[in-house]
Amino acid sequence: MDMTNRNPKPQERIAPSMAFILIFGALVLAGGFLVGIVFTPLVLPEQASLQAQNTDSLFRILLILGGVVFFLVQGLLLVSVIRWRARPGDLTDGPPVHGNMTLEIVWTVIPAVVVIVLSVLAFVVWNTNRTPQPNENFVNGQPIDINVTGARFAWTFEYVTNVEKPLAEGETLAEGQAAPQVVFRTSELHTFLGQNVKLDMVANDVIHSFWVPAMRVKQDLLPGRVTEIRFTPIRVEGETYPARYRIVCAELCGGGHGQMYGWLVVHETEQAYLESFYDQQVFAALNPPADPVARGQIVLASGAYPCSNCHVLNSLDWGGITGPSLNGIGGRAGRRVGGLTGAEYLVQSLHLPNEYIVPGYSAGVMPYFGLTREAPAGQNPYNFMPEEDVIAIVAYLCTQTDSGSLDESTCGLVLDDPEAATEALKAISETYYALYGISQ
Ligand code: CUA
């Protein structure tokens, strides 16, 4: 005997009442707005730039629309499941429905309009945030250039200042030649409230992406092509200045990608920026210490080169893991490659990092630091490491022995005699000038 009722009376299709539609619609809209307005500040960090306000307004609109769609779809689903659920014993098919032209048009036209409106809004925000601002990078009423290099796995910021470099004795400028300007490099980006910052960025090796979540700006860096990014820091209530915001790499660039972060430091006033950063850096660039070891410590600690994110070096608080440890390197360097002193090995490692790879590490990760007499401003710093930086870095690394005693150094240098150490390192670097065909 057939136990089931195969042909029960089809359920009546009852059109929802106007009251239901109104209440349902109001709930969907309220839910969407609630999500957009409550969640936007919850999921985003502080608004620390003018651009952040534009970006967040767009984000809020997206969240409201997303919320409305979410509650509409889930709400209709819930109502349908409850209202038109199969009654016990009902095994019939649903009523045969063959399309509904009005419905098709409605659910095509509404999303199309929404997508077009969003595209226009997104373009307007993108365009506004990229528009050149007046007085970009003004310091002391003069423009400066800020160049950014991304390399696996660190950020380097180069400031081409508006301070003229004093000419060396006997040096003259050719007619029409501009006086050279002081250039310094740091691992942290410094600015101050209200400064219209513009960065010119280039990648050293692979694509990186410069992202400061608090500023809501993000831009890819490409090898061989300069890309720009702009932002204007604004005051954040309750913030203590100088404020520090994290700079993140947002493009997977290799094993140390997660460590490729840096800091943006926002000073409260231009005065504070000058006193605690800019003037100090200019002074240090104009008055380098004669001792190469002291200079090396300054160069390495400044982050002018991206060593810290790959190597461990306790004396400078470096914690990178993608490269071999530099703790005690001065005591080991002379035993790495037969026929090379420690100093020669270290100079070679800067210029030709793939000649000798420490067991357990990969070739092709360390940037190639080419030798040059003078680093041209605005060029990728890793392709132009001036000789004085090579000498300083190697001299400092040579002093890094396990016990701290210079007697243990395997570099073959007289490290407590600055002049002798400089001369010896100069002689070594000359071999590389010859190799690169760089004349005096
Ligand atoms: Cu650079 Cu990820």
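**Strand pairing and helix packing in the predicted model**

In the predicted model, Trp 211 has Val 248 of strand S11 as its bridge partner. The pairing that underlies this contact joins S11 to strand S8, residues 208-212, through two bridges in the antiparallel sense. Strand S11 spans residues 243-249 and presents two faces. Ala 243, Tyr 245, Ile 247 and Cys 249 lie on the covered face, whereas Arg 244, Arg 246 and Val 248 lie on the uncovered one. In a regular strand, side chains alternate between the two faces of the sheet. Strand S11 also pairs with strand S12, residues 261-267; these two strands run antiparallel and are joined by six bridges. Within S12, Trp 263 is the residue opposite Arg 246, and Arg 246 belongs to the uncovered face of S11.

A further set of strands forms an open sheet of five members with mixed pairing, in the order S5-S4-S3-S7-S10. Strand S5 (181-186) and strand S10 (227-231) occupy the edges; each has a single partner strand, so one side of each lacks a neighbour in the sheet. On average, neighbouring strands of this sheet are turned by 25° against each other, direction ignored. The partner of S5 in the sheet order is S4. Strand S4, residues 154-164, runs antiparallel to S5 and is connected to S5 by five bridges. One of the residue pairs matches Tyr 159 with Phe 184 in S5.

Helix packing was examined for H2, residues 50-83, and H3, residues 101-130, whose axes come within 9 Å and cross at roughly 170°. Since angles over 145 degrees count as roughly antiparallel, H2 and H3 are therefore roughly antiparallel to each other. Their crossing is left-handed. On the H2 side, the contact comprises Gln 51, Asn 54, Thr 55, Leu 58, Ile 61, Leu 62 and Leu 65. These residues meet Val 114, Leu 118, Leu 121, Ala 122, Val 125, Thr 128 and Asn 129 in H3. By residue class, the contact of H2 with H3 holds nine nonpolar and five polar residues, and no charged ones.

Pro 306 is located in the loop between helix H5 (292-302) and strand S13 (312-313). Its relative accessible area is 6%. Because the limit for a buried residue is under 20%, Pro 306 is classed as buried. Pro 306 and Glu 228 are 78 residues apart along the chain, and their C-alpha atoms are separated by 21 Å.

Key
Residues are numbered from 1 along each chain as its sequence is written. This is a predicted model: local features need pLDDT of at least 70, side-chain atom pairs count only at pLDDT 80 or more; totals for chains, interfaces and linings use all residues. Side-chain values use heavy atoms; hydrogens and water are left out. Buried means under 20% relative accessible area, exposed over 50%, partly exposed in between (1.4 Å probe, protein chains only). Helices (H or I, at least four residues) and strands (E, at least two) are DSSP runs, numbered from the N terminus. Two strands pair if DSSP finds at least two bridges between them. Axes are lines fitted to C-alpha atoms, for helices over the stretch in contact, and angles run from 0 to 180 degrees between N-to-C directions. Angles under 35 degrees count as roughly parallel, over 145 as roughly antiparallel, 65 to 115 as roughly perpendicular and the rest as oblique. A crossing is left-handed if the near helix is turned anticlockwise from the far one by less than a right angle, and right-handed if clockwise. Contact means heavy atoms within 4.5 Å. Ala, Val, Leu, Ile, Met, Phe, Trp, Tyr, Cys and Pro count as nonpolar, Asp, Glu, Lys and Arg as charged, and the others, Gly among them, as polar.
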